[in-house]
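Q: Hi! Could you walk me through a part of this structure? I'm new to this, so plain words please.
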Amino acid sequence: MLQATNVSLRFGDKKLFEDVNIKFNAGNCYGLIGANGAGKSTFLKVLSGEIEPQTGHVSLGKDERLAVLKQDHFAFEEYEVLETVIMGHAQLYKVMKEKDAIYMKADFTEEDGMRAAELEGEFAEMNGWEAESDAAILLKGLGIGEDLHTKKMAELTGSEKVKVLLAQALFGNPDILLLDEPTNHLDIQAIQWLEEFLINFENTVIVVSHDRHFLNKVCTHIADVDYGKIELFVGNYDFWYESSQLALQMAKDQNKKKEEKMKELQNFIARFSANASKSKQATSRKKMLENITLDDIKPSSRRYPYVAFTPGREIGNDLLRVEGISKTIDGVKVLDNVSFILNPNDKVAFVGRNELAKSVLFDILMGEMEPDEGTFTWGVTTSQSYFPKDNSKFFEGSDLTLVEWLRQFSPEDQTETFLRGFLGRMLFSGEEALKKASVLSGGEKVRCMLSKMMLSNSNVLVLDEPTNHLDLESITSVNNGLMHFKGSILFTSHDHQFINSIANRLIEITPSKVIDKEMTYDEYVADTKLQKEIAGLYN
């Protein structure tokens, strides 16, 4: 059990939390959500003791151990991988090192023997003899093979280090587990393994994530950071989102009889309960949902941008033909004889491990880069709009206000009223529309780039990681906007739900061939035979 009592925290003039009272119970997984800047990661640091609140306190149950996913990927460079994982249980690691140091002494005394015996007892109580095998199991589950277990952390790649630090946090069955964006940089298999681990984890988990699919799979509760308070809701992220929208609808329609509202709520809960999987966690969540009353459902103060792409004309018979495209960058062959044909109304997710290959391909298709070999042909009735992964050239050094910035991309000489209204729909209201483009945050730049694309009325959208830097509300809005788009889409994303709900086709560019499948993303990742074949193509 972890409890925050009357916790308040300010940074300068900014109030992050005020008199927060919340209890996190064993057996539950809490998804900590909130708009960008609401203080989610900061609250995790308060819970872990890394940051002291100005008022109030955080308390753990007696003899309970708390583990945190470390964010510094270079903190353990001189340690071996297996040792780094075991360091996740600080007391066990301390006992192990002291015990080993005593046994290494040349002049072993009777006093040393007595101390060693005490340490052996502590070591056994903490399952120390299974420490190495337990650590190895965690590493294997996350895709870190035995050949890496005795290597120094400095020898690992960035994504491998992320997995080791995640294993470190999970090691030793901590009573409280705090995870900040645990799925970042993980591959499909590692995310699936982590989901199963957390579903079966019997202690307390508090997780911050922008991955809605992950939150839906593992969370029994949502802890919503809003207006300096944190409120608990039963259910996963989708249930929180749908129930907050339902509450908003009910609040707008005060004339509805309470009985009608109750019936609507019961139907809503029944639909979500029926979708629960067979896992132990989902079954307990279903029971909790069935006990919800009308008063438990409250509208959220969240603001969702309005995202809607309208094609100026329909695509004809031809969309895109790519033939034999190859490209070498800095001596490395990034694309090797890539060929495929896209059909009108295709919504294609480019997936897989090679991030550079996907970005380079998109740059070539949008005329930002020349291929070394091969050709591509867009259909004559197509018009393309591009969202590059790196948008810095659109903003750096710009003295334009957002209204002036957006006017550059407006197809007609639109009035300031029109542009301000358009920016307002993307949450730049009032004085915010007069901000300088050069001082925007990452999320604000993304919303501006999406505004630019919406104004283009293109019938083909090419988007490279459009959900990066966005909060969950904006991700949901972009997701819905692309689902309803009547044209074609080529896109990349690490967001499982985003891909699954938009794409009708998946293309993966491996080092030796192009995998091209017309199926959902759920079907793609669940196809073990296909995933095994793909894994072999990378080795």
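Q: In what order do the strands of the open sheet come?
A: Keep in mind that this is a predicted model. The order is 14-15-16-12-17-18, so to speak, with 6 strands in an open sheet and mixed pairing.

Q: Which strands stand at the edges?
A: Strand 14 (384-387) and strand 18 (514-517) do. Each has a single partner strand, so one side of each is left without a neighbour in the sheet.

Q: And how much are neighbouring strands turned against each other?
A: On average by 15°, ignoring direction.

Q: Back to strand 14: is its pairing with strand 15 parallel or antiparallel?
A: Parallel, over 4 bridges, with strand 15 covering residues 460-464. Within this pair, Ser385 stands opposite Leu461 of strand 15.

Q: Which helix packs on the sheet?
A: Helix 12, residues 355-365. Helix 12 touches strand 12 (347-351), strand 14, strand 15, strand 16 (488-492) and strand 17 (505-509). Its direction makes about 145° with that of strand 16.

Q: New topic: helix 14. Which of its residues are buried?
A: Helix 14 spans residues 416-425, and the buried ones are Leu419, Phe422 and Leu423. Looking down the axis of helix 14, they fall within an arc of 95°, so they line one face of the helix.

Q: Why would residues a few places apart point the same way?
A: An α-helix has 3.6 residues a turn, so residues three or four places apart point the same way.

Q: Nice! What do those buried residues of helix 14 pack against?
A: Helix 13 (402-407) and helix 15 (442-456).

Q: And what comes just after helix 14?
A: There, Leu427 takes a positive phi of about 75°.

Key. Residues are numbered from 1 along each chain as its sequence is written. This is a predicted model: local features need pLDDT of at least 70, side-chain atom pairs count only at pLDDT 80 or more; totals for chains, interfaces and linings use all residues. Side-chain values use heavy atoms; hydrogens and water are left out. Two strands pair if DSSP finds at least two bridges between them. Helices (H or I, at least four residues) and strands (E, at least two) are DSSP runs, numbered from the N terminus. Axes are lines fitted to C-alpha atoms, for helices over the stretch in contact, and angles run from 0 to 180 degrees between N-to-C directions. Contact means heavy atoms within 4.5 Å. Buried means under 20% relative accessible area, exposed over 50%, partly exposed in between (1.4 Å probe, protein chains only). The arc is that of the directions from the helix axis to the C-beta atoms.
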